[in-house]
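Here are a few exercises to work through with the model open on your screen. Try each one yourself before you read the solution.

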Amino acid sequence: MPAFPYISAAVVIFLVSTFLRLLYVLPAFNPTKAPPRLRGQPTRLMIVLGSGGHTSEMLSLLRNLDPNLYTHRSYIVSSGDHFSASKAVDFEGALQAKWTHTPGNALVSPTYDISTIPRARRIHQPLWTAPVSSLRCLIACFTCLRAPSTQGSLRSNKDHHQTGTLAPKTLRYTYPDLIIANGPATAVLVIAASVLLRFLNLRGTKGKLRTIYVESWARVNTLSLSGKILVACGLVNRMLVQWEDLSRKGQGDFIGTLIQ
């Protein structure tokens, strides 16, 4: 079998190249600085809402968000989580009111959209079915990472995708510039999908898809399972913790309590 050595060599080269490419795109192994951006330049922020208390924490830490810096916000919620979707709409309404009535502030074509994806795993779902539901969630994450063009008033379509706009101008976005997440498995899959897109080096991903994971205020001594997975795999650009003890253990960056 004279061809066997060539096939073996090709397989080894492929595996080594894949491994090196993965190390190159993983933030933990190849940290890079975010590209500079001008104020008002179209910038897409993706916010993963983890339902319940996680959603409340996320919107609390975004209370001082400047819509002139993040001109488009994409919210990700899990199927059946009507609470998070309604809270995102309320948050955007409050954001509009705050920046519209504050002297010296001018909104620059602010828009937002809300996308619903399948849950990675439902409560009391058998573990043996989790890989199937997680795969469905991961596939949906790839779709959400591509933003729609935003135009017109708040609307919804058959895919449970809502788009709201607070200004008449139309803006088109590609991949998120920044993804911020907290909470359960859905956040892990969104971040994993972003890493896979960078791994494939698809057009438009360069300088985008940076990630921040904010550990819950309730995690005092150890990271959550989601946090442990993200840190162990080196998937996030920054892991933020809200208790100094976690930072001392090398499990994230402590910058104080982020919620009110």
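## Exercise 1: the largest pocket

About 610 Å³ of space lies in the largest pocket of this predicted model. Work out which residues and elements line the pocket, and how the lining divides by residue type.

Solution, step by step:

- Start at the centre. The lining has 29 residues, and those nearest the centre of the pocket are Thr 43, Leu 45, Tyr 70, Leu 178 and Ile 212.
- Next, go to the elements. Strands S6 (178-181), S7 (210-214) and S8 (238-241) are the ones that give two or more residues to the lining.
- Pick out the top contributor. That's S7, with 4 residues.
- Finally, sort by type. The lining comes out as 16 nonpolar, 8 polar and 5 charged residues.

## Exercise 2: salt bridges, buried or exposed?

Find the salt bridges in the whole structure, then say where the partners of each one sit and how accessible they are.

Solution, step by step:

- Count them. The search turns up 3 salt bridges.
- Take Arg 73 and Glu 92, whose closest N and O atoms are 2.7 Å apart. This pair joins distant parts of the chain, 19 residues apart: Arg 73 belongs to strand S2 (residues 72-78) and Glu 92 to helix H3 (residues 82-100).
- Check accessibility for that pair. The cut-off for buried is under 20% relative accessible area. Arg 73 has 0% relative accessibility, so it counts as buried. Glu 92 has 1%, so it counts as buried too.
- Move on to Lys 208 and Asp 177, with 3.0 Å between the closest N and O atoms. Here the partners are 31 residues apart, and both are in loops: Lys 208 between helix H5 (185-200) and S7, Asp 177 between strand S5 (161-165) and S6. Both Lys 208 and Asp 177 are buried.
- Finish with Arg 238 and Asp 253, where the closest N and O atoms are 3.3 Å apart. Arg 238 is in strand S8 and Asp 253 in strand S9 (residues 253-254), 15 residues apart.
- Run the accessibility check again. Arg 238 is at 38% relative accessibility, so it counts as partly exposed, and Asp 253, at 34%, counts as partly exposed as well.

## Exercise 3: the nonpolar cores

Which residues touch the most other members of the largest nonpolar core, and which element gives the largest share of this core?

Solution, step by step:

- Keep the general trend in mind: nonpolar side chains tend to be buried together in soluble globular proteins.
- Look for the hubs. The largest core has 33 residues, and Ile 117, Leu 145, Tyr 213 and Leu 230 touch the most other members.
- Assign the core to elements. Two or more residues come from each of strand S1 (44-48), helix H4 (130-144), S6, H5 and S8. H5 supplies the largest share, 8 residues.
- Zoom in on one hub. Leaving out residues up to four places away in sequence, Leu 145 touches a list of residues that includes Met 46, Tyr 175, Ile 179, Val 190, Leu 197 and Leu 209.
- Don't stop at one core. There's a second, separate core of 24 residues, with Ile 47, Leu 61, Leu 65 and Leu 95 among them.

## Exercise 4: two positive phi values in a loop

Asn 201 and Leu 209 both lie in the loop between H5 and S7. What is the phi of each, and is each one buried or exposed?

Solution, step by step:

- Recall the background: a negative phi is what most residues other than glycine have.
- Read off the angles. Asn 201 has a positive phi near 55°, and Leu 209 has a positive phi of about 60°. Neither Asn 201 nor Leu 209 is a glycine.
- Compare the surroundings. Asn 201 counts as exposed because its relative accessibility is 52%, whereas Leu 209 is buried, with a relative accessible area of 0%.

## Exercise 5: Ser 60 and the overall fold

Place Ser 60 in its element and list its contacts, then step back to the protein as a whole.

Solution, step by step:

- Locate Ser 60: helix H2 (residues 52-61) holds it.
- Test for burial. Ser 60 has 14% relative accessibility, so it counts as buried.
- List the contacts. Beyond its neighbours within four places in sequence, Ser 60 is in contact with Leu 258, Ile 259 and Gln 260.
- Zoom out. The protein has 7 helices and 9 strands, and 44% of its 260 residues are buried.
- Last, look at contacts with a separation of 6 or more: 73% of them are between residues 24 or more positions apart.

Conventions:
Residues numbered from 1 in each chain as written. Predicted model: local features only at pLDDT ≥ 70, side-chain atom pairs only at ≥ 80, totals over all residues. Heavy atoms only, no water. 1 Å grid on protein atoms, 1.4 Å probe; cavity = no way out; pocket = protein on both sides within 12 Å on 5 of 7 lines; lining within 4 Å. Points joined across faces, edges and corners; volume = space filled by probe spheres on them. Nonpolar A, V, L, I, M, F, W, Y, C, P; charged D, E, K, R; others polar. Salt bridge = Lys/Arg side-chain N within 4 Å of Asp/Glu carboxyl O. Buried < 20%, exposed > 50% of the residue type's maximum accessible area, 1.4 Å probe, protein only. Core = buried A, V, L, I, M, F, W, Y, C linked by side-chain atoms within 4.5 Å. Contact = heavy atoms within 4.5 Å.
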